[in-house]
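The following exercises introduce a reader to a single protein structure. Each one sets a task and then works through its solution step by step.

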Amino acid sequence: MKFCKKYEEYMQGQDHQKLPGVGFKKLKKILKKCRKEDQENTHKLHLQNLSLESRANSSHQLHDSSSCPDHCSVCDGTFFPSLLSEMSAVVGSFNERAQKLLELHLASGVHKCFIWFKDKLQGNHVALIEEGKDLVSYALINAIAMRKILKKYDKIHYSNQGQAFKSQVQSMHIEILQSPWLCELMAFHINLRETKTKKRNAPDFFDGCSLVFNDGKPSLSFHLLDSVKMDIDLTCPICLDIVFDAVSLTCGHIFCYMCACKAASVTIVDGLKEAKTREKCALCREAGVYEGAVHLEELNILLSRSCPEYWEERRQSERVERTKQAKEHWESQCRLFTGV
């Protein structure tokens with residue numbers, strides 16, 4: 001079955017949730033129209049070339065003229081704006097739903113007791129797990145759809161504008177594979193899979209999502225539809241160790257919380273929200289990525305279970321550093337208050 005048909009069937013199955021998607025069929029029609037206009041223009045140019053040059057040279061120019069110019073009126077006016085709008089809707093919907101789901105799962109105190117009681121009565125725990133699974137599949141199949149339609153664009157136009165658009169989308173933070181909530185949902189499923197043997201009537205989980213260690217370095221791995229493999233590196237780019245108390249910056253890169261604070265030139269007491277907009281990601285050098293950082297709670301739970309000795313060692317060492325920074329912070333505040 002072709003991907004277009006598979007994608008359409010998948011999205012039709014999501015109609016009850018009213019999830020936005022990529023207009024795959026509509027975008028293919030735009031490219032088809034563009035190809036038709038190109039062929040007509042190519043034929044005209046080919047006839048002109050035949051009257052001016054030899055057949056040997058004209059065949060070479062025919063290949064050159066078959067591509068759209070850098071500014072194609074058909075594509076620039078409809079293709080990229082439509083795709084950008086659809087991608088924004090997909091990422092926005094995914095982030096909102098995933099955040100809400102994980103907040104319910106990680107709720108504490110009275111709120112958690114209320115949810116537990118409600119789940120026991122209505123069986124919502126199973127629904128929560130299924131929704132998380134569906135959201136991961138939704139994110140990845142839309143990522144595949146975007147990749148395929150941009151690849152088709154470049155093939156028709158003999159260009160790399162599709163890849164350039166993908167890079168632009170990543171810089172705008174509307175690439176769904178950059179979403180920290182995708183990483184959190186994957187960790188959420190692995191955590192539940194590891195504890196499902198302790199529960200009766202636990203639902204089945206998909207096997208494509210796993211935590212993998214290569215030479216002691218962990219990564220989250222996911223396979224979907226035999227056509228995409230996604231790996232999220234869980235090594236901090238600053239300390240070069242397994243991320244501890246992980247946070248994801250708005251550029252999509254993951255760091256230890258303390259390492260991120262150092263890179264942002266803020267103390268642990270102040271936190272990343274106090275980082276100045278000029279501060280850049282230590283990896284990609286993009287500015288203004290700290291204020292919207294997301295704490296990866298599910299990932300931290302997963303890594304603490306998978307690497308208990310390392311986690312306890314880091315916890316002890318960071319406790320000392322946190323105490324030191326807190327003491328220095330309050331001493332400086334006292335000096336400001338007393339005027340000393």
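A residue counts as buried when its relative accessible area is under 20%, as exposed when it is over 50%, and as partly exposed in between. The model examined here is a predicted one.

**Exercise 1. Classify two residues with positive phi**

Task: Determine where histidine 173 lies and whether serine 265 is buried or exposed.

Solution.

Step 1. Histidine 173 is not a glycine, yet its phi is positive, at about 65°. The residue belongs to the loop that runs between helix 7 and helix 8.

Step 2. The relative accessible area of histidine 173 is 29%. This value falls between the two cut-offs of 20% and 50%, and therefore histidine 173 is partly exposed.

Step 3. Serine 265 likewise has a positive phi, of about 60°, although it is not a glycine. Its position is in the loop between helix 9 (257-263) and strand 6 (294-295).

Step 4. With a relative accessible area of 56%, serine 265 is exposed, because the cut-off for that class is over 50%.

**Exercise 2. Describe the chain as a whole**

Task: State how many helices and strands the protein chain has, and what percentage of its residues count as buried.

Solution.

Step 1. Eleven helices and six strands make up the count for the protein chain.

Step 2. The chain has 340 residues, and 41% of them count as buried.

Step 3. The surface is considered next. About 19,400 Å² of the protein chain is exposed, and 53% of this area is supplied by carbon and sulfur atoms.

Step 4. Contacts complete the overview. Among contacts with a separation of 6 or more, 63% are accounted for by residues 24 or more positions apart.

**Exercise 3. Explore the largest nonpolar core**

Task: Identify which residues touch the most other members of the largest nonpolar core, and which helix gives the most to it.

Solution.

Step 1. In soluble globular proteins, nonpolar side chains tend to be buried together.

Step 2. The largest nonpolar core has 89 residues, and those touching the most other members are Phe79, Phe94, Leu220 and Leu299. Helix 6 gives the most to this core, namely 16 residues.

Step 3. Leucine 220 can be followed further. Beyond its neighbours within four places in sequence, its contacts include Cys183, Met186, Ile190, Met230, Ile232 and Leu299. Ser210 and Asp231 are also among its contacts.

**Exercise 4. Examine buried residues in helices**

Task: For serine 93, glutamate 86 and cysteine 259, find the helix and the contacts.

Solution.

Step 1. Serine 93 lies in helix 4. Its relative accessible area is 12%, so serine 93 is buried. Apart from neighbours within four places in sequence, serine 93 is in contact with Leu19 and Pro20.

Step 2. Glutamate 86 is also placed in helix 4, and it counts as buried at 12% relative accessibility. Not counting residues up to four places away in sequence, glutamate 86 touches Gly21, Val22, Gly23, Lys26 and Leu27. Between glutamate 86 and glycine 21 there are 6.4 Å in space, C-alpha to C-alpha, while the two are 65 residues apart in sequence.

Step 3. Cysteine 259 is in helix 9 and counts as buried, at 8% relative accessibility. Its contacts, leaving aside neighbours within four places in sequence, are Cys236, Ile238 and Cys239. The C-alpha atoms of cysteine 259 and cysteine 236 are 8.2 Å apart, with the two positions 23 residues apart in sequence numbering.

**Exercise 5. Compare a cavity and a pocket**

Task: Describe which residues line the largest cavity and which lie nearest the centre of the second largest pocket.

Solution.

Step 1. The whole structure holds one cavity of 30 Å³ or more, and the largest cavity encloses about 70 Å³ of space.

Step 2. The lining of the largest cavity includes Val22, Met87, Asn142, Met146 and Glu175. Helix 4 (73-105) and helix 6 each supply at least two residues of this lining. By type, the lining residues are eight nonpolar, one polar and one charged.

Step 3. The second largest pocket has a volume of about 470 Å³. Its lining has 25 residues, and Gln170, Glu175, Leu177, Gln178 and Met230 lie nearest its centre.

Step 4. Helix 6 provides the largest share of this pocket lining, five residues. The pocket lining divides into 13 nonpolar, seven polar and five charged residues.

Methods:
Residues are numbered from 1 along each chain as its sequence is written. This is a predicted model: local features need pLDDT of at least 70, side-chain atom pairs count only at pLDDT 80 or more; totals for chains, interfaces and linings use all residues. Side-chain values use heavy atoms; hydrogens and water are left out. On a 1 Å grid over the protein atoms alone, a cavity is a set of points where a 1.4 Å probe fits but cannot get out, and a pocket is an open set with protein on both sides within 12 Å along at least five of seven lines; lining residues have an atom within 4 Å of a point. Grid points are joined across faces, edges and corners, and a volume is the space filled by probe spheres set on the points. Helices (H or I, at least four residues) and strands (E, at least two) are DSSP runs, numbered from the N terminus. Ala, Val, Leu, Ile, Met, Phe, Trp, Tyr, Cys and Pro count as nonpolar, Asp, Glu, Lys and Arg as charged, and the others, Gly among them, as polar. Buried means under 20% relative accessible area, exposed over 50%, partly exposed in between (1.4 Å probe, protein chains only). Contact means heavy atoms within 4.5 Å. Accessible areas come from the Shrake-Rupley method with a 1.4 Å probe; for residues, only the protein chains shown count as cover. A nonpolar core is a set of buried Ala, Val, Leu, Ile, Met, Phe, Trp, Tyr and Cys residues joined through side-chain atoms within 4.5 Å.
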